[in-house]
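Colleague: Got a minute to walk me through this one? I'd like the main points before I go back to the bench.

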Amino acid sequence: MGNDQPSKTPDWRWHDENGFRRVVNVAGTMTGLGASVAPAPEVSRETAAATERFVDMHELQALASRTITELTGAEAGCLTASAGAGISLAVAACMTGLDPARVEALPLNPGPKSGVAVQMGHLCEYGSSITTGVALAGANVRIAGTATLCKDFQLSAVLDENTAAALYVVSHHVVHYGQIPFERFARLAHEKGVPVIVDAASEYDLRGFLEKGADLVIYSGHKFLGGPTSGIIAGRRDLVRACYLQNIGIGRGMKIGKESIMGAIAAMRAWMKRDHAAIRARETAALELWREALSDLPGISAYRVPDPTGNPLERLQVDVDPDKAGAGAPVITAALGRRDPAIIVRGHEAELGYFQLDPCNLLPGHAELVAEALRDEISRGAWEGIDPEEALASARNGGTDGYLRWLGNG
Ligand SMILES: *Cc1c(COP(=O)(O)O)cnc(C)c1O
């Protein structure tokens, strides 16, 4: 998908030359694996061209704003380092407006209007906690409801004169029942004059939240869009301008460079021209190849499941009966991950007895490699050296273990 090699053979030269572990990403757009690959040659070309030139950065961001407007229907937009950065900047913007003195006062002196209303079931993490993203602006989360239920009056109770913004999170990581639906959430916030920020980092729907009342929406530039590492902020012109002004304050450490801006613009343009049906067909073919490869293995049942937030994407869910398969989902996930090339599957729900295969980041030859690896690993049943409890803990701890181990052995 991401490169134009005609060959079906995986190309590992770059990994081998640098001594990197060969990895196949069937986990999705994961930061720990490099998120995504460029969907079109223009993305790399535009990125490279910018590295060799000087330019007025405000003009570059104005072009980004026009592109974001075209992509999302928003009044304006700007780019920052990541969606995570976008959340902090959006919160800051709702606190400071266009007052540079207030921008400089963050995060130490936020003033009284520094609450951010969030439903408790939306307090998730995406590599770090969303609470940290809010706190970086000097704001504090005002929790509405309980983990699995938020009632209208509970949200309204945290929307008062000290509430700078209401934050709504769209993610497979949030609780999917008992939460206030988006349009109602936006209406309740607006009734109290509170602007609404949506974290839609990995959502394909680039227009719906703005149409339904969002004041600022944040997308990741390096997830489904396949751009360089970047975050997209789209929304009301005054608030987008206030987000951009944070570059003289807390936004400095979150700044995006010229090369990533041009790459992100190219990725947004590529998205508008992309043959989405053809990509979907290729993804479906991979899912069917894997389903077939797993079809007669004892204790394994594999079937296609839709994306939980409604993105136009399916994954293959692989249910594992440990008594018949010889090992549970966490152990099989670990076994696939220690192969060469490593097959990194979507294992964050392995404790529920399944893992998933995501087809959105396949490079040439990878689908076939995954099919072979699945059959080989599960039919051989070579699980020695994998402790089931450790495998489960590792799936649950996400990337934290990797950060702790880094450079840890001298
Ligand atoms: C991935 C993600 C983020 C963080 O996106 P980055 O661009 O990697 O910082 C934030 N929120 C949600 C819901 C995400 O899925």
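Modeller: Sure, we can go through the domains, a lysine, a helix and a threonine. Keep in mind that this is a predicted model.

Colleague: Start big. Which domains is the chain divided into?

Modeller: There are domain 1, made of 13-38 + 276-405, and domain 2, spanning 41-273. Their centres, taken over C-alpha atoms, are separated by 30 Å.

Colleague: And how many residues are in contact between them?

Modeller: On the domain 1 side, 13 residues are in contact with 17 residues of domain 2. Together the two domains bury about 1,200 Å² between them. Of that area, 56% is on carbon and sulfur atoms.

Colleague: Which residues of domain 1 lose the most area there?

Modeller: His276, Thr309 and Asn311. Together they make up 34% of what the domain 1 side buries.

Colleague: How many salt bridges across that interface?

Modeller: The rule finds 0 between domain 1 and domain 2.

Colleague: New topic. What does UniProt place at Lys223?

Modeller: The unreviewed UniProt entry has "modified residue: N6-(pyridoxal phosphate)lysine" at that position. That annotation may be inferred rather than shown by experiment.

Colleague: Where does Lys223 lie?

Modeller: In the loop between strand S7 (216-220) and strand S8 (231-235).

Colleague: Is Lys223 buried or exposed?

Modeller: Buried. Its relative accessibility is 17%, and the cut-off for buried is under 20%.

Colleague: What does Lys223 touch?

Modeller: Thr29, Ser36, Ala201 and Ser202. That list leaves out residues up to four places away in sequence.

Colleague: Now helix H8. Which of its residues are buried?

Modeller: H8 covers residues 182-191, and the buried ones are Phe182, Phe185, Ala186, Leu188 and Ala189. They cover an arc of only 165 degrees around the axis, so they sit on the same side of H8.

Colleague: Why would residues three or four places apart point the same way?

Modeller: Because an α-helix has 3.6 residues a turn.

Colleague: What covers the buried residues of H8?

Modeller: The cover includes strands S3 (115-119), S5 (163-169) and S6 (196-199). Helices H7 (152-157) and H9 (208-211) are part of it too.

Colleague: And what follows H8?

Modeller: Gly193, with a positive phi near 70 degrees.

Colleague: Last one, Thr132. Where does it lie?

Modeller: Thr132 is in helix H6, residues 130-135. It is partly exposed, with a relative accessible area of 41%. The C-alpha atoms of Thr132 and Met268 are separated by 28 Å, and the two residues are 136 residues apart along the chain.

Terms used:
Residues numbered from 1 in each chain as written. Predicted model: local features only at pLDDT ≥ 70, side-chain atom pairs only at ≥ 80, totals over all residues. Heavy atoms only, no water. Buried < 20%, exposed > 50% of the residue type's maximum accessible area, 1.4 Å probe, protein only. Helix = DSSP H or I, 4+ residues; strand = E, 2+ residues; numbered from the N terminus. Arc of directions from axis to C-beta. Contact = heavy atoms within 4.5 Å. Domains from an automatic or database assignment. Buried area = accessible area lost by both parts, 1.4 Å probe. Salt bridge = Lys/Arg side-chain N within 4 Å of Asp/Glu carboxyl O.
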